[in-house]
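Open the structure in your viewer and keep the selection tool at hand. Each stop below says what to select and what to look for there.

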Amino acid sequence: MTISISIEPPRQADIEALLAAGTTFAHSLYPEENSFLLSTDELERPGVDVYVARDERGAACGMAALVPLDSLQDAAELKRLFVHSDARGRGVAGHLLDRIEADAAGRGIRSLALETGPLQDAAMALYRGRGYEQVELFGQYVGEEFSVCFAKSL
C-alpha cells in the first residue's frame, strides 16, 4: 500500500467520515463522558495541524492531529490518531507518526504527549514500539480512569 501524508483542512467529507468512525470506535470502548475527542471545529483552531494519510487511490485512510500544548512552548499533543479498519496493519499509523514527529522536531517541539485508553492494546503497543513511554496523567486527563498517557522526547 502506497501512502501519502499531507496536512489538510479537517472539514472535508472523507476526513469527517474518519472522525465519525474514530468517534464510533472510541464510544464503543469507553463512556462518552470519558472521551476527549476533538471536534472538527476544534481541529480548525489556529496552530492545529491535521495530518491525513491517503492511499494510492487518494482515499483518506488515516489521520492524526498535532496540537500545541499551551502550558509548554516546546511540547505538543498528538490527538485523533485513527486508521480506517480497512487500512489497519499496513503501516499507516507508523507513517503518520513519522511525518508528525519529523515536522514537530523541525518546528522546535521537543516532546510529544498523547492520551489513549487502557482497552486499546494495539495503540499502546504501537506507541511503546515507537519509543513512547507511559507517563503520569496530565492536563484534563488527571483522575480519569479510562486514560493512559504517553510521551516521547524528539
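Which residues are buried in α1? Select Ile15, Leu18, Leu19, Gly22 and Ala26 to see them. They span an arc of only 100° around the axis, so they sit on the same side of α1. Bear in mind throughout that this is a predicted model.

**Stop 1: helix α1**

Widen the selection to residues 13-29, which make up α1. The helix has 17 residues. From first C-alpha to last it reaches 25 Å, close to the 24 Å expected at 1.5 Å a residue. Now turn to the other side of α1, where Ala13, Thr24 and Ser28 are exposed. Go back to the buried residues and show what covers them: the cover includes α2 (40-43), β2, β3 and β4.

**Stop 2: His27**

Stay in α1 and select His27. Is this side chain buried, exposed or partly exposed? His27 is partly exposed, with a relative accessible area of 29%. Leave aside the neighbours within four places in sequence, and His27 is in contact with Glu32, Ser35 and Leu37. Show the side chain of Ser35 as well. A polar contact of 3.4 Å links it to the side chain of His27.

**Stop 3: the sheet**

Switch to a cartoon view. There are 7 strands in an open sheet, and their order is β1-β2-β3-β4-β5-β7-β6. The pairing is mixed. Which are the edge strands? They are β1 (4-7) and β6 (133-135), each paired on one side only. From one strand to the next, the twist averages 30°.

Begin walking the sheet at β1. It pairs with β2 (residues 49-54) in the antiparallel sense, over 4 bridges. Select Ile7 and then Tyr51, its bridge partner in β2.

Move on to β3. β2 and β3 run antiparallel and are joined by 6 bridges. Select Arg54, which stands opposite Ala60 in β3. The hairpin of β2 and β3 has 5 residues between the strands. Gly58 in this hairpin takes a positive phi near 90°.

How many of the residues of β3 are buried? The count is 8 of its 9 residues, and the strand is mostly covered. β3 also pairs with β4 in the antiparallel sense, over 6 bridges. Select Met63 and look across to Phe82 in β4, which stands opposite.

**Stop 4: helix α3**

Select residues 92-106, which form α3. This helix has 15 residues. Its reach from first C-alpha to last is 21 Å, close to the 21 Å expected at 1.5 Å a residue. What does α3 touch as it packs on the sheet? It touches β1, β2, β3 (60-68), β4 (75-83), β5 (111-116) and β7 (148-153). The direction of α3 makes about 30° with that of β3.

Colour the buried residues of α3: Val92, Ala93, Gly94, Leu96, Leu97, Ile100, Glu101 and Ala104. After the helix comes Gly108, whose phi is positive, near 85°.

**Stop 5: Glu101**

Zoom in on Glu101, which lies in α3. Why does Glu101 count as buried? Its relative accessibility is 10%, and buried means under 20%. Next, show Tyr132. The side chains of Glu101 and Tyr132 are joined by a polar contact of 2.7 Å. Not counting residues up to four places away in sequence, Glu101 touches Leu112, Arg130, Tyr132, Lys152 and Leu154.

**Stop 6: helix α4**

Select residues 121-129 for the last helix on this tour, α4. Which of its residues are buried? They are Ala123, Met124 and Tyr127. Look down the axis of α4: these buried residues fall within an arc of 95°, so they line one face of the helix. Rotate to the face turned away from the buried side. There you find the exposed residues Asp121, Ala122 and Gly129.

Finally, show what covers the buried residues of α4. The cover includes β4, α3, β5 and β7. Finish at Gly131, just after α4, with its positive phi of about 95°.

How values were computed
Residues numbered from 1 in each chain as written. Predicted model: local features only at pLDDT ≥ 70, side-chain atom pairs only at ≥ 80, totals over all residues. Heavy atoms only, no water. Helix = DSSP H or I, 4+ residues; strand = E, 2+ residues; numbered from the N terminus. Expected span 1.5 Å × (residues − 1). Buried < 20%, exposed > 50% of the residue type's maximum accessible area, 1.4 Å probe, protein only. Pairing = 2+ DSSP bridges. Axes fitted to C-alpha atoms, helices over the stretch in contact; angles between N-to-C directions. Contact = heavy atoms within 4.5 Å. Arc of directions from axis to C-beta. Polar contact = N/O pair within 3.5 Å; in protein donor to acceptor, adjacent residues only side chain to side chain.
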